[in-house]
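Please open the structure in your viewer and keep the sequence panel beside it. The stops below are given as selections to make, one after another.

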Amino acid sequence: MSDFDISDVVHGGADAEEPATLPVVAVVGRPNVGKSSLVNRIIGRREAVVEDVPGVTRDRVAYDAEWQNTRFTLVDTGGWETSVSGLAAMVARQAEYAAQTADVILFVVDATVGVTDADAAVTRVLRSTKRPVVLAANKVDGSMQEADALDLWQLGVGQPFPISALHGRGTGDLLDALVAEFPEQPLGEEDDGEDGPPRIALLGRPNVGKSSLLNRLAGEDRVVVDAVAGTTRDAVDELIELGGKTWKFIDTAGIRRRFRALQGADYYATMRTGTALERAEAAVVLMDVSEPLAEQDIRVVEQVVEAGRGLVLAFNKWDILDEERRTYLEKEIDRQLARVSWAPRVNVSAKTGRHMEKLVPAIETSLSGWNQRIPTGQLNNWLKELVAATPPPVRGGKQPKILFATQAGSRPPHFVLFTTGFLEDNYRRFIERRLREDFGFEGSPVHISMRIREKKGGGAQGRASKGSVRPDRKHRRR
């Protein structure tokens, strides 16, 4: 694609077509089973760091990929620890992230090791996500190891595909199976979701008053309330009439600080909380202001943002605050919740009913921002003025140019910037801040991603092949 100016799009250039949201594939598995090697094989270049040491990949990293003219996004994830104390924590977290972001889950197992306790545990969690799972039996370098792959049928997630990420063996058949599982409409695209009233999850660490709040909103005792933390174990759906409208509130088990501290019913309660958030359109995160904000509170808020749901911050037990505690609390909020300063805030008391009437307007504001769209022409006119006043910073001696932008989706709002170079994190945060100042999006996360395009004939050869796949031709399905 040749270089062009943003004004070409503003005035209706031919390249202004909005890109479709791509299917997302999450690659999960234990440490050192070859996830990053497989990612490199699929994307056709060595970008994911590979080392013969477990746990090299710690963060989720997304790559553009393509197979048989089908483009998709590949997300490389860190492996989970296999120690007894850490297994529950990391298995739950990896499965949770996969469920939140993926259309299809690519589960990588070391066929030479066989089924481990960790593999079996994560399989049970992945099956509960209701996402298609494609099983890659890695490190099958020859026909002698194919019998090892057959043992993986016992995992119960379907056919194991024997592959060698290192040599490319069998990756063609694996990718055919992967693409066949893509939905007609990726989960990231906007849809109407379930029919019926808006779905609002009540989240928070144990014993902050979620069930008491739900009972107060309903005007009757719908759920059990007890001073003992963890009384609520299942996610409870309640239809409640508020402000002349019916809402579906989901009261959830408290999200605890560390998954590894959970056993038995508490472990599964935490997993059901993640499922409740997945079903919701927005979340009310309740915090107990009589105590200092805790790491658990921040983690719950981050979980909502990562899931891409609308967010309302509700501070409970406000009626018992004295002036000194209120002063300290405001400082805690400014310091620890600065990242979500865009979220509506309501100071309530589930016990007395204080300011309950303000909760519904805050939720409606959040849902409005979550569903908001900006027309492409208006967006690019705005962006043209913004870039002219504050151009992107120079990187590596060159100044990246923003060619045009489009809103690829809503729920939550997702913007794609087509550029000639990488935009620094600070500049993308600047764009997000100005988007919020000028268009709102109150109560909703805003995602900004880039598509970097080079001039024809320019850039490294690797750039030109971005997203291609180069498995061994011998093993492609013909």
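Begin by selecting R411 and E281 with their side chains shown: in this predicted model, the two meet in a salt bridge, with 2.8 Å from N to O. R411 sits in the loop between β13 and β14, while E281 belongs to the loop between α8 and β10, so the pair ties together parts that are 130 residues apart in sequence. Are these two charged residues buried or exposed? The cut-off for buried is a relative accessible area under 20%, and R411, with 15%, is buried; E281, at 11% relative accessibility, counts as buried too.

Keep E281 selected and add R199, whose side chain also meets that of E281 in a salt bridge, here at 4.0 Å from N to O. This pair again links distant parts of the chain, since R199 is in strand β7 and E281 in the loop between α8 (265-279) and β10, 82 residues apart. R199, like E281, is buried.

Next, select residues 199-203, which make up strand β7, and look at how it is covered: five of its five residues are buried. If you follow the side chains along the strand, R199, A201 and L203 point one way, and I200 and L202 point the other way. In a regular strand, side chains alternate in this manner between the two faces of the sheet.

Then bring in the neighbours of β7. Strand β9 (residues 245-251) pairs with β7 in the parallel sense over four bridges, and within this pairing A201 stands opposite I250. Strand β10 (residues 282-288) also pairs with β7 in the parallel sense over four bridges, and here L202 has V284 as its bridge partner.

Now return to R411 and select the two strands that its loop connects, β13 and β14. They belong to an open sheet of three strands, arranged in the order β13-β14-β15 and with mixed pairing. β13 (402-409) and β15 (447-452) stand at the edges, each with a single partner strand, so one side of each is left without a neighbour in the sheet. From one strand to the next, the twist averages 25°. Between β13 and strand β14 (residues 414-419), which run antiparallel, there are six bridges; to see one of the paired positions, select F404, whose bridge partner in β14 is F418.

With the three strands still displayed, add helix α13 (residues 425-439), which lies across β13, β14 and β15 and runs at about 130° to β15. Within this helix, select D438 and R434, which form a salt bridge with the closest N and O atoms 3.7 Å apart. Being four residues apart in α13, they are separated by about one helical turn. Both are partly exposed: D438 has a relative accessible area of 40%, and R434 is at 27% relative accessibility. Elsewhere, salt bridges that share partners join R199, E281 and R411 into one network.

Finally, clear the selections and view the whole protein, whose secondary structure comes to 14 helices and 15 strands. Of its 478 residues, 53% count as buried, and the structure holds 16 salt bridges. Among contacts with a separation of 6 or more, 72% are between residues 24 or more positions apart. If you display the surface, the protein exposes about 22200 Å², of which carbon and sulfur atoms supply 46%.

Note on methods. Residues numbered from 1 in each chain as written. Predicted model: local features only at pLDDT ≥ 70, side-chain atom pairs only at ≥ 80, totals over all residues. Heavy atoms only, no water. Buried < 20%, exposed > 50% of the residue type's maximum accessible area, 1.4 Å probe, protein only. Pairing = 2+ DSSP bridges. Contact = heavy atoms within 4.5 Å. Areas by Shrake-Rupley, 256 points an atom, 1.4 Å probe, with all protein chains shown as cover. Axes fitted to C-alpha atoms, helices over the stretch in contact; angles between N-to-C directions.
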